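Open your viewer and get ready to click. This tour tells you what to select next and what you will find there.

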Amino acid sequence: MAKELTFTLGGTDYAAVPVKLERKKIYGWTDLVATTKDGEVCASAYLSPDDALIIPSGGLKQGTVDDKGCWVEKSTLTAYGEDGKPLPLQPSAFDAPIALAATATIDEFLDNDWESVYQIMNADLAAAVGDKIYKFEFSYRGGVNHNDAYLVNTPAGLFLFAGDKQEFPLVSLKEETTIDDNEEEPAEEIDELDFSMF
């Protein structure tokens, strides 16, 4: 069974399963399939650096090793901030109800780089949200990272946008200039024709 997010607004709890919007579901997609002469689908594989081994798809994995070359599990690693202190672990948004208290302006909402968008299927919550934009911290799996999330009503339904705030500096010229429109255009010079040249 899919996990539910619980939102608390005005003393009432609203539960809904978030449905992630995938780009390919909106725009569609195409696949390029390689086949043999007999029409059988070819399987992809990799060659080892020395060309001695054929590694089937799924046979490679990224990982972390220590200075001795031993495999290190991610669960044993500790993340540190720029100040050198360990970063606190953030709970998953599914672990506890999300209190909708802080609101945001449309400008605050637009000043973000979105990582994911979820559709929230709950008509009662959509009615309670109304025209407001609610802001809260959101972490899907928990851990040291979290996003700024916004709950927004649109004509297509209620959506949860998760991303990171971006700074957009004003781009302008260093010095202001004035364009003088009254400057007279130089007169065109007309060369006299010398018929002896023909």
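We begin with the whole chain and then visit single residues.

**Stop 1: the whole chain**

Start with everything shown. This is a predicted model. Color the protein chain by pLDDT. The average is 84, and 86% of the residues score at least 70. A word of care before you zoom in: where pLDDT is low, the predicted coordinates should not be read in detail.

Now switch to a cartoon view. The protein chain has 3 helices and 13 strands. Select helix 1, residues 23-27: among the elements, its mean pLDDT is the lowest, at 78. Then select strand 9, residues 102-103, where the mean pLDDT is the highest, at 94.

Turn on the surface. The accessible surface of the protein chain is about 16,700 Å². Carbon and sulfur atoms hold 52% of that area. How much of the chain is buried? Of its 198 residues, 21% are. Contacts reach along the chain too. Take those in the protein chain with a separation of 6 or more: 58% of them join residues 24 or more positions apart.

**Stop 2: a patch on the surface**

Select Leu21, Ile26 and Tyr27. Together they form a nonpolar patch on the surface. Their joint accessible area is about 340 Å². Keep only Tyr27 selected. This residue belongs to helix 1. Is Tyr27 buried or exposed? Tyr27 counts as exposed because its relative accessibility is 65%, and the cut-off for that label is over 50%.

**Stop 3: the loop between strand 4 and strand 5**

Move to Ser48. You are now in the loop between strand 4 (45-47) and strand 5 (54-56). Ser48 has a relative accessible area of 7%, so it is buried. Show its side chain as sticks. What does the side chain of Ser48 reach at 3.0 Å? It reaches the backbone nitrogen of Leu53. A second backbone nitrogen, that of Ala52, lies 3.2 Å from a polar atom of the Ser48 side chain. Not counting residues up to four places away in sequence, Ser48 touches Leu53 and Ile55.

Stay in the loop and click Asp51, which also lies between strand 4 and strand 5. Asp51 counts as exposed because its relative accessibility is 54%. Check its backbone angles. Phi of Asp51 is near 60°, a positive value in a residue other than glycine.

**Stop 4: Gln90**

Jump to Gln90. It sits in the loop between strand 7 (71-72) and strand 8 (98-99). Gln90 has 22% relative accessibility, so it counts as partly exposed. Show what surrounds it. Leaving aside neighbours within four places in sequence, Gln90 is in contact with Glu137, Gly142, Gly143, Val144, Asn145 and His146. Now use the distance tool on Phe138. Gln90 and Phe138 are 48 residues apart in sequence, yet their C-alpha atoms are 9.0 Å apart.

**Stop 5: Asn122**

Next, find Asn122 in the loop between strand 10 (112-120) and helix 3 (123-129). Its relative accessible area is 15%, so Asn122 is buried. Which residues does Asn122 touch, not counting residues up to four places away in sequence? They are Tyr14, Ala15 and Ala16. Look closely at Ala15. Its backbone oxygen lies 2.9 Å from a polar atom of the side chain of Asn122. Along the chain, Asn122 and Ala15 are 107 residues apart, while their C-alpha atoms are separated by 7.5 Å.

**Stop 6: Leu160**

Finish at Leu160, in strand 13 (residues 157-165). Buried or exposed? Leu160 counts as buried because its relative accessibility is 0%. Now display its contacts. Leaving aside neighbours within four places in sequence, they include Leu5 and Phe7, then Ser116, Val117, Tyr118 and Ile120. Phe136, Phe138, Ala149, Tyr150 and Leu151 are also in contact with Leu160. You met Phe138 at the Gln90 stop as well. Last click: Tyr150. It is 10 residues from Leu160 along the chain, and their C-alpha atoms are separated by 5.6 Å.

Key:
Residues numbered from 1 in each chain as written. Predicted model: local features only at pLDDT ≥ 70, side-chain atom pairs only at ≥ 80, totals over all residues. Heavy atoms only, no water. pLDDT = per-residue confidence, 0-100. Helix = DSSP H or I, 4+ residues; strand = E, 2+ residues; numbered from the N terminus. Buried < 20%, exposed > 50% of the residue type's maximum accessible area, 1.4 Å probe, protein only. Contact = heavy atoms within 4.5 Å. Areas by Shrake-Rupley, 256 points an atom, 1.4 Å probe, with all protein chains shown as cover. Patch = residues over 30% accessible without salt bridge, like charges linked within 9 Å, V, L, I, M, F, W, Y side chains within 5 Å. Salt bridge = Lys/Arg side-chain N within 4 Å of Asp/Glu carboxyl O. Polar contact = N/O pair within 3.5 Å; in protein donor to acceptor, adjacent residues only side chain to side chain.
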